[in-house]
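Colleague: Please take me closely through a single part of this chain, and then set that part against the rest of the fold. I would like the cut-offs behind each term as you go.

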Amino acid sequence: MLVAFSGGPDSSALLWGLSELVKDGRFRIGAAHLDHGLDPGSASRARHAKNFCHELGVTMHSERIEVEGRRAKGESLEACARRIRYDFLDRTRTAVNASLIATAHHRDDQVETVLLRILFGSGLGGLAGIPEQRALVVRPLLSFSRRELQEELEQCSLEPVQDPSNRSLRVPRNRLRHVLIPRLLEADPTIALRIWNIAARATAINSRLSQSLPRNLNIRPTKDGAMISRAALLNLPLELRPYALTALLAAAGAGYPVPLPSQQELFRQLSRNGRVGCDCGSGWRIVDCGPDLNLHLQPPFVPAFAYTLRVPGEIEIPEIGVRLSLRQGVVDQWMFKGSPHRAGLSLPLESGDRLTVRNRRPGDRIRPLGCAFNRRLKDVFIDSKVARRRRDSIPLLCVEGVIAWIPGVTIADRYRISRSDRTTWIAQVENY
């Protein structure tokens with residue numbers, strides 16, 4: 001299990017509690033710390049987090065990614081930091097082969113989330129708040145309050161660090177935490193518990209709906225999304241239609257419900273009995289398919305790119321937000337096991353030579369590692385289960401027009417290294 005660890009009180013309590021549970025050896029844990037670089041003290045908190053992990057005997061995996069300049073159009077700094085943080089957690093989980101990611105959300109976080117969603121006009125799904133588990137993310141502390149966690153840390157003489165951004169009243173959640181909720185508690189000390197109970201009841205109702213609606217509406221997953229009966233959707237009462245769409249997105253593996261404007265546009269099109277084509281946000285789109293509606297994920301637009309890399313060296317590829325480097329190094333065991341972000345290649349290069357880094361082109365072929373003949377790049381992607389929407393975003397390392405490395409997929413057989421080699425070229429790709 002990988003623990004999302006900021007070094008603050010909540011994640012410190014979670015990491016300490018899990019470190020006590022693993023002493024019997026039934027499972028292993030690691031910690032993942034991301035330094036967002038948002039304030040001058042972030043590096044100091046990263047060092048504290050590392051020392052805290054060392055005291056507990058827990059391995060910490062860390063990165064520093066400055067999120068300030070990485071916001072998408074219209075994206076808040078907090079949303080950008082969250083997106084980058086979960087991307088880092090997922091990459092780290094894959095790299096260390098962890099089965100789950102544990103976060104330190106607790107009962108007070110749940111109360112804040114429900115209140116925020118009430119203020120933003122959320123429906124039943126929003127009132128359910130933070131789920132105990134979504135996909136591979138689990139939240140073992142949801143039934144504990146912030147005060148209970150702090151008291152446990154004090155009893156164990158553990159000292160977390162405080163992130164100053166948690167005090168900023170510019171952030172809506174912080175205004176709730178430090179201004180609104182204390183006043184609500186003054187008026188009614190039971191308000192937090194009652195809001196938490198609302199979330200629990202909404203979760204139970206959502207669970208029943210998510211079980212019954214897919215059966216009654218003939219919702220079924222497809223290779224790139226999910227389908228629903230058009231007639232069954234239209235025959236539903238108006239109040240249940242949003243939950244049917246939520247069930248449809250859940251069957252497709254989408255993380256968020258259909259936005260209200262998209263729902264309105266979809267049912268406007270359906271009421272006219274014509275062709276349907278409606279964007280649902282985050283790249284998802286609903287179109288008609290005979291008697292059914294087909295929800296699928298559209299591939300993001302990635303322009304064609306091609307860069308010249310002088311070796312040894314590195315280049316940045318802004319179209320996909322990654323940095324690719326090539327340097328010489330010693331042959332190591334990991335090169336024979338495979339790695340999603342790096343590879344050892346026996347390349348006919350000398351210092352100062354140039355090669356090309358580009359995305360795919362029509363007609364691309366490669367002779368993959370261990371294969372006796374050239375294959376179409378498209379077929380290699382299909383066999384490797386590379387999602388269609390990711391294929392234009394994969395940088396291809398090419399030597400004299402020959403694809404030498406497809407990160408996370410394969411290397412060209414002609415450039416494979418031998419165990420008798422002492423040195424090799426090491427290619428690596430990473431986000432920047």
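**A helix and its surroundings**

Modeller: Let me begin with one loop residue: Asn97 is exposed, with a relative accessible area of 69%, where exposed stands for over 50%, buried for under 20% and partly exposed for what lies in between, using a 1.4 Å probe and protein chains only. This is a predicted model, in which local features need pLDDT of at least 70 and side-chain atom pairs count only at pLDDT 80 or more, while totals for chains, interfaces and linings use all residues. Residues are numbered from 1 along each chain as its sequence is written, and side-chain values use heavy atoms, with hydrogens and water left out.

Asn97 lies in the loop between α3 (77-96) and β4 (101-102); helices (H or I, at least four residues) and strands (E, at least two) are DSSP runs, numbered from the N terminus. Asn97 is not a glycine, yet its phi is positive, at about 60 degrees. Most residues other than glycine have a negative phi, and most peptide bonds are trans. A positive phi also occurs at Asn218, where the value is near 55 degrees; Asn218 is in the loop between α8 (191-216) and β7 (220-222) and is partly exposed at a relative accessible area of 41%. Asn273, just after α11, likewise has a positive phi, of about 60 degrees, which brings us to the part that I would look at closely.

Helix α11 comprises the 12 residues 260-271, which at 1.5 Å a residue should span 16 Å, and the 17 Å between its end C-alpha atoms agrees with that; the expected span is 1.5 Å times one less than the number of residues. Its buried residues are Ser262, Gln263, Leu266, Phe267, Gln269 and Leu270. These residues lie on the same side of α11 because they cover an arc of only 155 degrees around the axis, the arc being that of the directions from the helix axis to the C-beta atoms. Leu260, Pro261, Gln264 and Ser271 are exposed on the other side of the helix. The partners of the buried residues are α9 (230-235), α10 (241-252), β9 (277-281), β10 (284-289) and β11 (292-297), where contact means heavy atoms within 4.5 Å.

Beyond the helix, the interior can be followed through its cores. The largest nonpolar core has 36 residues, of which Leu326, Leu347, Leu355, Leu397 and Trp405 touch the most other members; such a core is a set of buried Ala, Val, Leu, Ile, Met, Phe, Trp, Tyr and Cys residues joined through side-chain atoms within 4.5 Å. Among the elements that give two or more residues to this core are β14 (322-330), β16 (354-358), α12 (377-383) and β22. Another core lies apart from it, with 30 residues that include Ala232, Ala244, Ile286 and Leu295. In the largest core, Leu347 is in contact with Leu326, Val399, Ala404, Tyr415 and Trp425, leaving aside neighbours within four places in sequence.

Asp413 offers a polar counterpart, placed in the loop between β21 (410-411) and β22 (423-431). At 11% relative accessibility Asp413 counts as buried, and its side chain reaches the backbone nitrogen of Gly370 at 2.7 Å. Not counting residues up to four places away in sequence, Asp413 touches Arg367, Pro368, Leu369, Gly370 and Cys371.

A cis peptide bond, with omega about -10 degrees, joins Val311 and Pro312, and Pro312 sits in the loop between β12 (306-310) and β13.

The structure holds 0 disulfides, a disulfide being a pair of cysteine sulfur atoms within 2.5 Å. The sulfur of Cys53 is too far for a bond, because the closest cysteine sulfur, in Cys156, is 16 Å away. Cys53 is buried at a relative accessible area of 1%, whereas Cys156 is partly exposed at 27%.

For the chain as a whole, there are 12 helices and 22 strands, and the C-alpha trace spans about 75 × 65 × 40 Å along its principal axes. Of its 432 residues, 42% count as buried, and residues 24 or more positions apart account for 65% of the contacts with a separation of 6 or more.

Definitions and conventions: A polar contact is a pair of N or O atoms within 3.5 Å; within protein, one must be able to donate a hydrogen and the other to accept it, and residues adjacent in sequence count only if both atoms are side-chain atoms.
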